[in-house]
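Good morning, colleagues. Please take a moment with the sequence and the structure on the screen, and I will then go through the main points.

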Amino acid sequence: MATKKIPMRMCTGCREMKPKRELIRVVKTPDGEIKLDPVGKMSGRGAYVCRSAGCLAKAEKSGAFGRAFGMNVPKDVFAAIQKELETIEQ
């Protein structure tokens with residue numbers, strides 16, 4: 001019997017390939033709003049980041065989300081994502 005393939009995604013912060021379940025999806029909705037997608041099923045363009053503040057900070061500094069979504073991501077969006085990430089980690 002064949003083993004089930006584990007979907008892998010790249011973290012936008014540390015640029016490491018990791019299993020999809022270990023990462024958090026950040027999505028740009030069709031309305032152009034950027035928010036955290038804890039379930040991973042929202043419609044829109046997604047980018048993944050590790051569940052750590054360090055990777056989120058690296059992604060912000062490098063502009064990785066801006067490239068992934070094709071737009072500038074405001075600082076307040078990163079602050080909101082950081083706050084939501086802290087509530088998920090607990």
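Which residue in S5 is the bridge partner of Arg 25? The partner is Tyr 48. Please bear in mind throughout that this is a predicted model.

That pair belongs to the pairing of S3 with S5, two strands that run antiparallel and are joined by 6 bridges. S3 also pairs with S4, again in the antiparallel sense, over 4 bridges. Within that second pairing, Val 27 stands opposite Lys 35 of S4. As for its surroundings, 5 of the 6 residues of S3 are buried, so this strand is largely enclosed by the rest of the structure.

Let me turn to the connection between S3 and S4. The two strands form a hairpin, with 5 residues between them. In the turn, Gly 32 has a positive phi of about 95 degrees. Thr 29 is also placed in this loop. Is Thr 29 buried or exposed? Its relative accessibility is 10%, and because the limit for a buried residue is under 20%, Thr 29 counts as buried. Apart from its neighbours within four places in sequence, Thr 29 is in contact with Lys 35 and Ser 43.

The loop between S4 and S5 holds Lys 41. With 71% relative accessibility, Lys 41 counts as exposed. The C-alpha atom of Lys 41 is separated by 19 Å from that of Lys 5, and the two residues are 36 apart along the chain.

Now to the interior. The largest nonpolar core has 21 residues, and those with the most contacts inside it are Val 26, Ile 34, Val 49, Phe 65, Phe 69, Val 73 and Ile 81. At least two residues of this core come from each of strands S3 (23-28), S4 (34-37) and S5 (45-50), and likewise from each of helices H1 (53-62), H2 (64-69) and H3 (75-89). Val 49 may serve as an illustration: beyond residues up to four places away in sequence, Val 49 touches Cys 11, Thr 12, Leu 23, Ile 24, Val 26, Cys 55, Leu 56 and Phe 65.

Finally, the surface. Which residues make the nonpolar surface patch of about 370 Å²? They are Ile 6, Met 8, Met 10 and Met 17. Of these, Ile 6 lies in the segment before strand S1 (8-10), and at 55% relative accessibility Ile 6 counts as exposed.

Thank you for your attention.

Notes: Residues numbered from 1 in each chain as written. Predicted model: local features only at pLDDT ≥ 70, side-chain atom pairs only at ≥ 80, totals over all residues. Heavy atoms only, no water. Core = buried A, V, L, I, M, F, W, Y, C linked by side-chain atoms within 4.5 Å. Buried < 20%, exposed > 50% of the residue type's maximum accessible area, 1.4 Å probe, protein only. Contact = heavy atoms within 4.5 Å. Patch = residues over 30% accessible without salt bridge, like charges linked within 9 Å, V, L, I, M, F, W, Y side chains within 5 Å. Areas by Shrake-Rupley, 256 points an atom, 1.4 Å probe, with all protein chains shown as cover. Salt bridge = Lys/Arg side-chain N within 4 Å of Asp/Glu carboxyl O. Pairing = 2+ DSSP bridges.
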